[in-house]
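Work through the exercises below with the model open. Each task is followed by a worked solution.

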Amino acid sequence: MSFLRNLSNPSSFTFLSRFTTSSAPLRYGGLGPTQAHQKPRVVVLGTGWAGCRFMKGLDPRLYDIVCVSPRNHMVFTPLLASTCVGTLEFRSVAEPVARIQPAISKEPASYFFLAKCTAIDAHNHVVQCETVTEGAQAPDPWKFTISYDKLVIALGAQPTTFGIHGVHEHAIFLREVHHAQEIRRKLLMNLMMSEVPGITEEEKKRLLHCVVVGGGPTGVEFSGELSDFIMRDVRQRYAHVKDYIHVTLIEANELLSTFDVRLRQYATKQLTKSGVRLVRGIVKDVQDQKIILNDGSEVPYGLLVWSTGVGPSPIIKSLDLPKSPGGRIGIDEWLRVPSVEDIFSIGDCSGYVESTGKPTLPALAQVAERQGKYLANLLNKIGNANGGRANCAKDADFGDPFVYKHVGSMASVGSYKALVDLRHGKEGKGLSMAGFVSWFIWRSAYLTRVVSWRNRIYVAINWTTTLLFGRDISRI
Ligand SMILES: Cc1cc2nc3c(=O)[nH]c(=O)nc-3n(C[C@H](O)[C@H](O)[C@H](O)COP(=O)(O)OP(=O)(O)OC[C@H]3O[C@@H](n4cnc5c(N)ncnc54)[C@H](O)[C@@H]3O)c2cc1C
């Protein structure tokens, strides 16, 4: 309704008139196929590590770039856990897409659309989308279509819950900036509620019990950040309740199972020393204020963070495209989706099809980023060889296939300590170390990896102010 009302607004109409609408109602308009006088159009789905690295490397002189995503920024996920307790500000880990690839806001036929992809018509080279709106006053979502010459699917993955009842309703995931904001708000709210007169001892303990499910790098880093926050900031600023707040980390198998065994032992020792209670158990049910483990024990919580890995999202499952073992979008060694023309897939949503004989790569930023870079170079090469238009790259020389070489993993465990595992794969050889020097390497490495100078400076300033003045505990 409100969208149709916008048609009386001249500025909105100008915007809409850029679209080819043919005889279809405006409500379902869109960007039609590119014409001979236009540049070929690359449509990118998603603004994560893969999609953004791809857009950064794509040459806007060769292609118009149209990006569709429900968020207009990339999240620097390795530092997301630090924002939950105020070590870093939220904006320090969010990089606007228009800064990564300025063409989408400058070039006349390149765009960013705040929308989600709902379907792909591979035969006709068309993507169906729906706008993303939020808030009571927001316009109703509407649908539109975009024709592509080349399509890059970089839709990421979604958290796995193993079908456990109550996870979606009661737990908070840690994948987006709004998740980190929700965690911070809840944590500070619980701290303040626990000081209110009349609250029972039992309720106080529950409110201040932070439970993290999943002992992978994200769960461990978040637990480490929380214990630092408790030891340094809660002890000083919430002295009345300092003895009530606790962190419990629940893991069904090994903590940090992909890391070297010595590093795992170090992490276990370090977390325990910082007051994190480590529980080996499987969550059976999640209720409003408690979780039930498979041995029948009940764990009351005030804050529950869920971090047990990722799997294919509903949109990936719904796409009628070849799949890899495990249900990701199937790709070949050149990151092309086999059996369809001009579709590529990168990052957590893609995996090699069985016929390649290659294993599925881990869901890591370093995989997504390098696939994005490789694919940008590949499409630039194809564009330069006049293969940019739809169905024009059938006989193109794709050159060398994508090869992934693991450079290692890092994780911080709190108290100025981290793990650095530089072995090439789980059983491979290489250096592995833990402690303060590793923490320094961890911080330096991520500071240099932050996408822009603007955010690098934000991060450095946030770290310095946290060191000097403690974390910000205002609940805004
Ligand atoms: C807290 C945390 C810490 C991490 N730390 C590390 C680390 O230290 N090192 C490391 O290597 N990896 C790390 N990872 C993993 C890494 O972040 C992921 O592997 C990486 O983000 C994958 O990139 P991607 O582009 O495939 O997906 P994502 O970054 O998840 O991006 C997916 C994009 O698709 C968009 N999207 C979703 N649905 C739709 C739709 N229907 N239509 C359009 N767009 C859509 C999303 O909004 C998003 O922009 C971490 C992950 C988390 C959550």
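A residue is buried if 20 or more other C-beta atoms lie within 10 Å of its own, exposed if 12 or fewer, and partly exposed in between, with C-beta atoms placed from the backbone. Helices (H or I, at least four residues) and strands (E, at least two) are DSSP runs, numbered from the N terminus. The model is predicted: local features need pLDDT of at least 70, side-chain atom pairs count only at pLDDT 80 or more, and totals for chains, interfaces and linings use all residues. Residue numbers start from 1 along each chain as its sequence is written.

**Exercise 1. Find which way the residues of S2 point, and classify their burial.**

Step 1. Split the strand by direction. Arg 41, Val 43 and Leu 45 point one way from S2, and Val 42 and Val 44 point the other way.
Step 2. Recall the background. In a regular strand, side chains alternate between the two faces of the sheet.
Step 3. Count the burial. In S2, 5 of its 5 residues are buried.
Step 4. Look at the pairing. Two strands pair if DSSP finds at least two bridges between them. S2 and S3 run parallel and are joined by 5 bridges. Opposite Val 43, in S3, stands Val 66.

**Exercise 2. Give the strand order of the open sheet of 8 strands.**

Step 1. Read across the sheet. The order is S1-S8-S7-S6-S3-S2-S9-S21, and the pairing is mixed.
Step 2. Mark the edges. Strand S1 (30-31) and strand S21 (343-345) each pair on one side only.
Step 3. Check one antiparallel pair. Strand S7 (residues 126-131) pairs with strand S8 (residues 143-147) over 5 bridges, in the antiparallel sense. Glu 130 has Lys 143 in S8 as its bridge partner.
Step 4. Add a helix. Contact means that two C-beta atoms, placed from the backbone, lie within 7 Å. Axes are lines fitted to C-alpha atoms, for helices over the stretch in contact, and angles run from 0 to 180 degrees between N-to-C directions. Helix H3 (residues 49-57) packs on the sheet and touches strand S2 (41-45), strand S3 (64-69) and strand S9 (150-153). The direction of H3 makes about 155° with that of S2.

**Exercise 3. Is Pro 40 buried or exposed?**

Step 1. Locate the residue. Pro 40 sits in the loop between S1 and S2.
Step 2. Apply the cut-off. Pro 40 counts as buried because it has 21 C-beta neighbours inside 10 Å.
Step 3. List contacts, leaving aside neighbours within four places in sequence. Pro 40 is in contact with residues including Thr 34, Tyr 63, Asp 149 and Arg 389.
Step 4. Take the pair with Asp 149. Their C-alpha atoms are separated by 5.9 Å, although Pro 40 and Asp 149 are 109 residues apart along the chain.

**Exercise 4. Describe the sheet of 5 strands and the helices on it.**

Step 1. Write the order. This open sheet runs S11-S18-S12-S13-S14, with parallel pairing.
Step 2. Mark the edges. They are strand S11 (172-173) and strand S14 (276-280).
Step 3. Inspect one pair. Strand S12 (residues 209-213) and strand S13 (residues 246-251) run parallel, joined by 5 bridges. Val 211 stands opposite Thr 248 in S13.
Step 4. Place the helices. Helix H10 (residues 217-237) lies across S12, S13, S14 and strand S18 (303-306), at about 170° to S13. Helix H11 (residues 261-273) touches S13 and S14, and its direction makes about 130° with that of S14.

**Exercise 5. Characterise the contact between the two domains.**

Step 1. Set the bounds, which come from an automatic or database domain assignment. Domain 1 is 2-157 + 312-384, and domain 2 is 160-309 + 407-469.
Step 2. Give the separation. The domain centres, taken over C-alpha atoms, are 31 Å apart.
Step 3. Count the contacts. In domain 1, 24 residues are in contact with 23 residues of domain 2.
Step 4. Name the main contributor. H4 gives the largest share of the domain 1 side, 5 residues.

**Exercise 6. How exposed are Ser 339 and Tyr 416?**

Step 1. Take Ser 339, in the loop between strand S20 (329-331) and S21. Ser 339 is exposed because 11 other C-beta atoms lie within 10 Å. Its phi is positive, about 75°, although Ser 339 is not a glycine.
Step 2. Take Tyr 416, in the loop between strand S23 (409-414) and strand S24 (417-421). Tyr 416 counts as partly exposed because it has 13 C-beta neighbours inside 10 Å. Its phi is positive too, about 60°.
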